[in-house]
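Student: Please give me a close look at one part of this model, the part you would pick to follow charged side chains. I would also like to see it set against the rest of the chain.

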Amino acid sequence: MQNDVVSREEWLEARRALLAKEKEATRLRDSVNAARLALPWVKVDKDYVFETPEGRRSLADLFDGRSQLLIYHFMLGPDWDAGCTGCSFLSDHVDGALPHLNHHDVTWVAVSRAPLDKIAAYKQRMGWQFPWVSSFGSDFNFDYHVSFSPEDLAKDEVFYNFTPMQPADANDELPGLSAFYQNDRGEIFHTYSSYARGPEELIGTLMILDRAPKGRNEDSTMNFVRRHDEYDEAPKAPSCCH
């Protein structure tokens, strides 16, 4: 299928109409960002302990000397053989951002319920460098509504993305992003969380594809995505020599 082919003048008129919508979307994004920064905070009074390559660490330790912490709730359960494909897709975009985040007073950490040895093996397979810790044995994932026990899934509904949902639409692990702030007194506050497609803008590949002629070219959300070591040989472009 091919779009209409028009003159340069007609294309320019259509492009200017789209530009107006793009500017409107940019202004709306600025407004949403301002509202996000203005959200009230919730003090974290519960003690959470994580397994890390350096030993057991608290939530405060995960800040690594910075005042802001972003935690990516990576879908890798205790019994899973590999990490979620979508979470892996997002995580492919993290390492290059780490120096910029760290020098802007932000620490990024992935958290999963899988044991640390399983996390380490998958992290090595994917070639990632970002910090990744285990919340196995902790309530952390359950308290932030990204992990669900068999008992949870047996109920009439579970709570995800700030909304009750049917267990049939859930899973034992689901994705999310949570933000925390630590003040000079060491107090920690939960400032923000986002679930489902909320963190999608972190996936630069999607933002690039949105500007390609065929866009995301998907039948359902990210159904084209594979772990980066599972793609078949890339299809070759048609050649006039054949």
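Tutor: Helices here are DSSP runs of H or I with at least four residues, strands are E runs of at least two, and both are numbered from the N terminus. By that rule helix 1 covers residues 8-37 and contains L12, and the chain as a whole has eight helices and 10 strands. This is a predicted model, in which local features need pLDDT of at least 70 and side-chain atom pairs count only at pLDDT 80 or more, while totals for chains, interfaces and linings use all residues. Residues are numbered from 1 along each chain as its sequence is written, and side-chain values use heavy atoms, with hydrogens and water left out.

Let's go to the part I would pick, the charged side chains around E230. Side chains of opposite charge can pair when their charged atoms come close. A salt bridge here is a Lys or Arg side-chain nitrogen within 4 Å of an Asp or Glu carboxyl oxygen, and the count comes to 15 salt bridges. In one of them E230 pairs with R125, with 3.0 Å between the closest N and O atoms. E230 is in the segment after helix 8 (204-209), whereas R125 sits in helix 5 (residues 116-126), so the pair ties together parts that are 105 residues apart in sequence. E230 also forms a salt bridge with R227, where the closest N and O atoms are 3.2 Å apart. The picture widens once D229 is added: R125, R227, D229 and E230 are linked in a network of salt bridges.

How open to the surface are these side chains? Buried means under 20% relative accessible area and exposed over 50%, with partly exposed in between (1.4 Å probe, protein chains only). E230 has a relative accessible area of 34%, so E230 is partly exposed. R125 falls in that class as well, as partly exposed at 35% relative accessibility. R227 counts as buried because its relative accessibility is 14%. The network therefore includes a buried arginine, R227, along with the partly exposed R125.

Another salt bridge offers a useful companion. D210 pairs with R216, and their closest N and O atoms are 2.7 Å apart. Here the acid, D210, is partly exposed at 37% relative accessibility, whereas R216 is buried at 13%.

Now for the setting. The C-alpha trace spans about 65 × 45 × 45 Å along its principal axes, and 35% of the 242 residues count as buried. With a contact taken as heavy atoms within 4.5 Å, 61% of the contacts between residues at least 6 apart in sequence join residues at least 24 apart. T52, in strand 2 (residues 49-52), gives a local view of this packing. T52 is buried at 6% relative accessibility and touches R57, L62, L116 and V133, leaving aside residues up to four places away in sequence.

The strands add their own links. Two strands pair if DSSP finds at least two bridges between them. Strand 4 (residues 68-73) runs parallel to strand 5, joined by six bridges, and H73 stands opposite V111 of strand 5. Strand 4 also pairs with strand 9 (residues 176-182), this time antiparallel and again over six bridges, with I71 opposite S178 in strand 9.

Two loop residues deserve a glance at their backbone. D105 lies between helix 4 (98-102) and strand 5 (106-112), and its phi is near 70°, a positive value in a residue other than glycine. D105 is partly exposed, with a relative accessible area of 30%. N161 lies in the loop between strand 7 (158-160) and strand 8 (163-165). N161 is not a glycine either, yet its phi is positive at about 55°, and its relative accessible area of 32% makes it partly exposed.

Finally, back to L12 in helix 1. L12 is partly exposed, at a relative accessible area of 36%.
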